[in-house]
Amino acid sequence: MFQVPNPLFDLAGIMCGQFGIPFWKFFLATLIGKAIIKTHIQTVFIISVCNNQLLDWIENELIWVLSSLIPGFDSYLPTLTEKLHAVKEKYLAAPHPVPSNVKEKWDFSFASIWNTIVWLMLMNFFVKIVNATAQDHLKKQQDKQLAKKVSASRH
């Protein structure tokens with residue numbers, strides 16, 4: 001199955017390492033979460049989306065629940081159903097071929113903004129790790145120098 005990279009998961013792994021969470025604890029939690037829970041949720045979702053009979057049944061049940069819980073929902077139901085069916089047909093339709101000589105322009109989509117934010121977070125995290133490592137190294141050097149001066153002053 002195709003896996004979409006999740007930068008937040010990578011960031012969670014980096015943070016777990018930074019805060020000293022034991023490897024096996026992180027690994028087992030990840031294994032349970034990805035191999036057992038996430039896989040079954042994705043399987044049910046894909047089966048639901050690809051099975052038209054099941055999708056129609058879910059749609060009918062959702063309409064029944066919403067119309068019984070929300071007063072006045074029945075008046076908006078035909079237009080909402082029509083819009084949902086139009087989106088479904090558009091999604092299931094074959095994509096239009098794009099000519100190869102057309103240059104794509106750069107757009108400010110949500111994905112590009114989100115990727116920029118994640119990259120900035122990762123860069124900030126990297127700078128903080130380097131800074132903390134340098135400060136730790138400097139502290140060790142200063143402690144050694146201080147120990148030498150203290151031992152030299154006692155003699």
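User: Which residues does UniProt give for the feature "transmembrane region"?

Analyst: The UniProt record, an unreviewed entry, puts that feature at residues 108-130. Keep in mind that we're looking at a predicted model. In it, residues 108-130 are 91% helix and 0% strand, with the C-alpha atoms at the two ends 31 Å apart.

User: Okay, and how many helices and strands does the chain have?

Analyst: The count is 5 helices and 0 strands. Reading from the N terminus, you get α-α-α-α-α. Helix α5 covers residues 110-154.

User: Let's pick residues in α5. Is V118 buried or exposed?

Analyst: The idea is to compare relative accessible area with a cut-off: under 20% is called buried. V118 has 5%, so V118 is buried. Across the chain of 155 residues, buried ones make up 6%. For a contrast in α5, take I117: its relative accessibility is 38%, so I117 counts as partly exposed.

User: How far apart are V118 and L11 in sequence and in space?

Analyst: Sequence distance and spatial distance are worth reading side by side. V118 and L11 sit 107 residues apart along the chain, yet their C-alpha atoms are 8.8 Å apart.

User: Back to I117. Which residues form a nonpolar patch on the surface?

Analyst: I117 joins F108, F110, I113, W114 and M121 in that patch. Together they offer about 640 Å² of accessible area.

User: What about charges: how many salt bridges are found in the whole structure?

Analyst: The general idea first: oppositely charged side chains can pair when their charged atoms come close. Here the search turns up 2 salt bridges. One joins D136 and K140, at 3.7 Å from N to O. The other pairing to look at is K139 with D143, at 3.2 Å from N to O.

User: Why are K139 and D143 separated by about one helical turn?

Analyst: Because they are 4 residues apart in helix α5. D136 and K140 are also in α5, 4 residues apart, about one turn of the helix. As for exposure, K139 is partly exposed at 48% relative accessible area, D143 is partly exposed at 40%, and D136 is partly exposed at 39%.

User: Last one: how much space lies in the largest pocket, and which residues are closest to its centre?

Analyst: The largest pocket holds about 450 Å³ of space. It is lined by 18 residues, with L55, E59, L84, H85 and K88 closest to the centre. The elements giving two or more residues to that lining are α3 (52-69) and α4 (73-92). Helix α4 supplies the largest share, 10 residues.

Technical notes. Residues are numbered from 1 along each chain as its sequence is written. This is a predicted model: local features need pLDDT of at least 70, side-chain atom pairs count only at pLDDT 80 or more; totals for chains, interfaces and linings use all residues. Side-chain values use heavy atoms; hydrogens and water are left out. Buried means under 20% relative accessible area, exposed over 50%, partly exposed in between (1.4 Å probe, protein chains only). UniProt positions are given in the numbering used here, feature names are shortened, and annotations may be inferred rather than shown by experiment. Patches are made of residues with over 30% relative accessible area and no salt bridge: like charges are joined within 9 Å, nonpolar side chains (Val, Leu, Ile, Met, Phe, Trp, Tyr) within 5 Å. Accessible areas come from the Shrake-Rupley method with a 1.4 Å probe; for residues, only the protein chains shown count as cover. A salt bridge is a side-chain nitrogen of Lys or Arg within 4 Å of a carboxyl oxygen of Asp or Glu. On a 1 Å grid over the protein atoms alone, a cavity is a set of points where a 1.4 Å probe fits but cannot get out, and a pocket is an open set with protein on both sides within 12 Å along at least five of seven lines; lining residues have an atom within 4 Å of a point. Grid points are joined across faces, edges and corners, and a volume is the space filled by probe spheres set on the points.
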